[in-house]
Amino acid sequence: MRSLIVFCGLLALAIAAENCGEKTDVEAKQAKVKEVIQYINRPHIHSGGSCDAEASHLTAASLKEIGHLDTNSVFSLFDERTWPEAKEAVRLMMKAANFDEFITIATDLSHHMNDDMFLFCFNVAIVHRDDTSGVRPEFHFNSFPDKYIRHDQIVEIRHAVECGQDNIKVLANPHVFNDTDDAHKLLYWLEDLGLNAHHYHWHTVHPAIWTEELGRGKERRGELFYWMHQQMIARYDAERLSNDMAPTSVFENFDEPIEEGYASDLTVEHTGYRYMFRPEGLTLHDLPELTKNQLRLWRIRILNAINKGYAYDKEGHKVPLNNKDGINIISNFVESSVDSINRPFYGNIHNYAHVIASRIADPDGKYGEDNGVMYDVSTSARDPLFYSWHKFINSLFIEHKDMLPAYTHDDLEFKDVVVDTISVKGKEETIPNILKTFYRYRTIPLPTGFTFNHEKKVDVEHRYLDHEEFEYRLDITNNAAADKHAIIRLYLAPLHHNDGTEYTLTEKRTAVIELDTFLTTLKPGSNHITHDSTDSAVTYFHEKDQHHDCPCGWPQNLLLPKSNYQGMEWRLFAVVDDADEEHSEIGENCNCGSALSYCGIVSGKYPNSKAMGYPFDRHIDAHNVEDWVTPNIQHVDITIKFAGKHA
Ligand SMILES: [Cu+2]
């Protein structure tokens, strides 16, 4: 009986947010939220047309930590020096006794804080407060379009407005048409609007500054940091492969020149903040507040802990790592978050490397340059360095995972369940196991608020990678006499490197892309199961998911790698597991969107007790896939073809 209750709960969880608080007056609250942020990244005209801050309802003591970040800077969650102010702002907004008080405090704070920092903290509070259940944080592009559209294009829009043109429509990303050299080949992906918005919103759902005292406890937050970022790297490498490029390198030698450069051409129009260009071949330099030696020391201590199988907490107690919770503990001190068991000792390696990299061309501020895109969660994933850097961070996690025993056949098996076949069928194809990707255009209204477009309606046209919708088809036999509740994980793995050599099973392990995870019931005998690609548990699909509380989720349009004109082969794995056994620990929890696998839960118990990335998370003791798989794991090779521009 319990398992049935658990399973029904899970189904509900897969469909909509549960237990996040009662949804009341959602529309009115949403309107209030819009009102609070109406001047974010806009000319500072508060009511009455004054540029001065309004009188505050907050006490002087409350405001002591507030207002320190320069109004013309961007907010960096990676820069620990911003944390006291951000934590205090979130605390003040979380402790408000009711929604009206929350809005009053938020409005006050917005007048005293850097816009960018305020918006981040406000979004954190909206996601986590009980009385904002059903209220969505504004899609980040709508507040900061200039963190997504290149300055060149914004200048073009301004000229069109100033020349009195009507029905203005400007292509947002013409530069992604240039795919003749490596520096430009991947811009269609790196600068995808949904990808960068996902990364921003992910960090508002799981900010490194979050503590349980703020109101909600988060299970496995650290593990999710590892898994979601590993998936970003795997997907980036799949895109490189699609463009005939080798996997990205691991950036582990802090003295070596960084081969790839990156110029974002992004400027925050209102403040003039211009993200610094990073030319090719630059080497990291010490910053006045942080040296490369400090990063090296943290790395040595982290690797020591992983190799010994235990870490030291602040009191000097040994904390064992080679267990189920190890990845969570390690990730928290690698990122690091305030949940680190010992920040003074293990430091802040991931975050501070973002800071040091963002100031690479002007490390001591001699030239007064603004920081590069690596400084900012909403822009960092545009830079190829993000992926090389995260590959190094991921190598620490893999080092730990390699300390754990490989899964045995007993571990992998789901008794009495056999996956007979798996296939995919594209909606625009007649032949199964062939899928099509293509470029297409969408038109997005440019939010008003730049100094030049108050009066005029402006649309930007955005070219992006997409694919035909498709469905997964599985034939599964349940040899037991009763129904079985199953959880089905779907992964896509590359087959060949760009030099033609085969991916080994070990290489596939970190290269697999999670496409979906879903639940089903297997009745005794044969079962034919179909599942739609647009229902993915890793993506945010605006057409279907805009009613959810969070705009967090990998963009649906990038679910599949682009592949190439000739057609590339990929291996699709289906891993079918016992849902009742996996979910025996489920309790009350709250999630905020459709992308449970990548965006996790806001609070409560995790609905899935297996390691994230199971069963590819651990090393594989087999020479080939046939020796490794059990009857409940099946695979098929599929072809993905890039068709150019969609008709
Ligand atoms: Cu991140």
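Is Y346 buried or exposed? With a relative accessibility of just 1%, Y346 counts as buried. Keep that residue in mind while the overall picture is sketched; the model discussed here is a predicted one.

Taken as a whole, the protein contains 22 helices and 18 strands. Its radius of gyration comes out at 24 Å, and the globule rule gives 26 Å for 647 residues; the two values are close, so the protein is as compact as a globular protein of that length. Laid along its principal axes, the C-alpha trace stretches over about 75 × 60 × 55 Å. Burial can be put into a number too: 61% of the 647 residues count as buried. As for the outside, about 25100 Å² of the protein is exposed, and 49% of that comes from carbon and sulfur atoms.

How does the chain meet itself? Take the contacts between residues at least 6 apart in sequence: 78% of them join residues that are at least 24 apart. Charge is worth a quick look as well. The protein carries 63 positive and 100 negative charges, and the mean positions of these two sets are 1 Å apart.

Now for the rings. A pair of aromatic rings is described by how far apart the centres are and by the angle between the planes. Searching the whole structure turns up 31 aromatic pairs. One of them joins Y188 and Y439, an edge-to-face pair with 5.7 Å from centre to centre and 70° between the planes. Y188 sits in helix α9 (residues 187–190), while Y439 belongs to strand β7 (residues 434–445), so this pair ties together parts that lie 251 residues apart in sequence. Both partners are tucked away from the surface: Y188 is buried at 3% relative accessibility, and Y439 is buried with a relative accessible area of 8%.

This is where Y346 comes back in. The ring centres of F345 and Y346 are 4.9 Å apart and their planes meet at 80°, which is over the 60 degrees needed, so this pair is edge-to-face as well. Here the two partners do not share one burial class. F345 is partly exposed, at a relative accessible area of 31%, whereas Y346 is buried at 1%; the cut-off for buried is under 20%.

Rings can also join up in a bigger group. W189, Y236, F386, Y387 and W554 are linked by ring pairs into a cluster.

Notes
Residues are numbered from 1 along each chain as its sequence is written. This is a predicted model: local features need pLDDT of at least 70, side-chain atom pairs count only at pLDDT 80 or more; totals for chains, interfaces and linings use all residues. Side-chain values use heavy atoms; hydrogens and water are left out. Helices (H or I, at least four residues) and strands (E, at least two) are DSSP runs, numbered from the N terminus. The radius of gyration is taken over C-alpha atoms; the globule rule is 2.2 Å times the number of residues to the power 0.38. Buried means under 20% relative accessible area, exposed over 50%, partly exposed in between (1.4 Å probe, protein chains only). Contact means heavy atoms within 4.5 Å. Accessible areas come from the Shrake-Rupley method with a 1.4 Å probe; for residues, only the protein chains shown count as cover. Lys and Arg count as positive and Asp and Glu as negative; His and the chain ends are not counted. The place of a charge is taken as NZ of Lys, CZ of Arg, CG of Asp or CD of Glu. Rings of Phe, Tyr and Trp (its six-membered ring) pair if their centres lie within 6.5 Å; planes under 30 degrees apart count as stacked, over 60 as edge-to-face and the rest as tilted.
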